[in-house]
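Colleague: I have a model open on my screen and would like to learn how to read its features. Could you take me through them one at a time?

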Amino acid sequence: MKNLSTQPFTTKLAMVLFSIICVGYLAILGQTLLAPLLTSFLLAVLLLPMANFLEQKWRFKRSMASIVSVVIMIAVISGILYFLANQLTDLWQDWPLLKKQGETSFHELQHWISSTFGVNAQKQIEYVKDGASKALSTSATVLGATLLTLSSSLLFLFFLLLFTFFLLNYRKVLFSFLTSVFEEEHTEKVGEIVRRIQYIIKKYITGLFLQMLIVTIMMMLVLWALGVKYAVLLGLIAGIFNIIPYIGIFSALLISVLITFATAGAAKVLLVIVAFAAVHAVDGNILMPLVVGSKVKINALFAFIGIVVGEMVWGISGMFLCIPYLAMLKIIFDKVDSLKPWGVLLGGEDKPHKKRKIYRITKNIKLEEQE
């Protein structure tokens, strides 16, 4: 059998494309299993220092340390969800006011459309009724899709917790498998790649949560200073949605604009847009490089392509998973000689380093310049 490197370019290209198609098809088929498994891997890496601490300092068994780590994670997530639910309860109590404001805004919009485009109110109402009847005709489908999404989310959460525990509990077995599956001469390189991935993922996840906390506090303070109602809720939404790169901040902005328009009218909407733009500028130029940034850089082009492909394959979970797993791929590409060009393609453009001028004092007390 001929070596792959001696095959013609078209043959190698066809094999690569076929492999990508097969992997993508298997990813779509195995979404129920793979999406929580890959998310659990990130959480297991994040909880690994806690599990090691419980084992080494408090002499917990590995299974007990894994269970305690997962329970602490559940407690933290439950606290965040409880706080968010309280804020949503306040919003629900003001629902009559929101409904009244929405009706007023709708009538104002009707008047503007009538005076601008010459479409009278009666025709507009007919258009709305026609759209409502079509929506009602598909209500059963929408309800079924909603229930299916809810059941899928519960199943995802169950698998997530289960896989996180198993990955923490059997981490030594998995590491031994990775080192033994390759030839002995590559053991050191495999161990180095695993340690590097563990370091990068831990830094990325902790930085991501720290960034979420800072963005949440900044948005709360800015919206509160502007006198926007539900500043705490909107700030929390902005922080949580900011986890999803590029797209999350625009989704949070849309929700915030709708709530602000319903509670305070169009005057405050512009202030909210300016506030989101300012906080996003600070986040993108200061927080992201300082808090989340690492030595592995994924350029914006392939990061955005990864987000789009992740959404097409696995939805929101795919959008969240794409960046850390692209970082893992880049680490592997950089360490394997035959794959280094792919690592260069995923990475950012290296900035040329300026030559620093070094000066030393001679015996004659003269400054001599050295390159």
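Modeller: We will go through salt bridges, cysteines, a surface patch and one serine. Please keep in mind that this is a predicted model.

Colleague: Let's start with charges. How many salt bridges does the count come to?

Modeller: The general idea first: side chains of opposite charge can pair when their charged atoms come close. Here the count comes to 5 salt bridges.

Colleague: Which residue forms a salt bridge with Glu192?

Modeller: That partner is Lys335, and the closest N and O atoms of the pair are 2.8 Å apart. The pair links distant parts of the chain, since Glu192 sits in helix H8 (residues 187-225) and Lys335 in helix H13 (residues 316-335), 143 residues apart.

Colleague: Are Glu192 and Lys335 buried or exposed?

Modeller: Glu192 is partly exposed, with a relative accessible area of 36%. Lys335 also counts as partly exposed, at 28% relative accessibility. The partly exposed class lies between the buried cut-off, under 20%, and the exposed one, over 50%.

Colleague: And what does Lys330 pair with?

Modeller: Lys330 forms a salt bridge with Asp334, with 2.8 Å between the closest N and O atoms. Because these two residues are 4 residues apart in helix H13, Lys330 and Asp334 are separated by about one helical turn. Their surroundings are worth a look too: Lys330 is buried at 11% relative accessible area, while Asp334 is partly exposed at 31%.

Colleague: How far apart are the closest N and O atoms of Lys340 and Asp337?

Modeller: In that salt bridge they are 3.5 Å apart. Lys340 is partly exposed, with a relative accessible area of 39%, and Asp337 counts as exposed at 55%. Elsewhere, salt bridges that share partners join Glu55, Arg62 and Arg171 into one network.

Colleague: Now the cysteines. How many disulfides should I mark?

Modeller: To call a disulfide, we ask for a pair of cysteine sulfur atoms within 2.5 Å. By this rule the count is 0 disulfides. You can still read how covered a cysteine is: Cys22 is partly exposed, with a relative accessible area of 29%, whereas Cys322 is buried at 9%.

Colleague: What about the surface? Which residues make the nonpolar patch?

Modeller: For a patch, we look for nonpolar side chains with over 30% relative accessible area that lie within 5 Å of one another. In this model Leu155, Phe158, Leu162, Phe166, Tyr170, Val173 and Leu174 make a nonpolar surface patch of about 630 Å². Helix H6 (139-169) and helix H7 (171-181) are the elements that give two or more residues to the patch.

Colleague: Which helix gives the most to the nonpolar patch?

Modeller: H6 does, with 4 residues. For a member from the other helix, try Leu174, which is found in helix H7. Leu174 has a relative accessible area of 40%, so it falls in the partly exposed class.

Colleague: One last residue, please. Where is Ser317 found, and is Ser317 buried or exposed?

Modeller: Ser317 belongs to helix H13. With a relative accessible area of 18%, Ser317 is buried, because the buried class takes residues under 20%.

Colleague: What does Ser317 touch?

Modeller: For contacts, it helps to set aside sequence neighbours. Leaving out residues up to four places away in sequence, Ser317 touches Ala35 and Phe156.

Note on methods
Residues are numbered from 1 along each chain as its sequence is written. This is a predicted model: local features need pLDDT of at least 70, side-chain atom pairs count only at pLDDT 80 or more; totals for chains, interfaces and linings use all residues. Side-chain values use heavy atoms; hydrogens and water are left out. Patches are made of residues with over 30% relative accessible area and no salt bridge: like charges are joined within 9 Å, nonpolar side chains (Val, Leu, Ile, Met, Phe, Trp, Tyr) within 5 Å. Accessible areas come from the Shrake-Rupley method with a 1.4 Å probe; for residues, only the protein chains shown count as cover. A salt bridge is a side-chain nitrogen of Lys or Arg within 4 Å of a carboxyl oxygen of Asp or Glu. Buried means under 20% relative accessible area, exposed over 50%, partly exposed in between (1.4 Å probe, protein chains only). Contact means heavy atoms within 4.5 Å.
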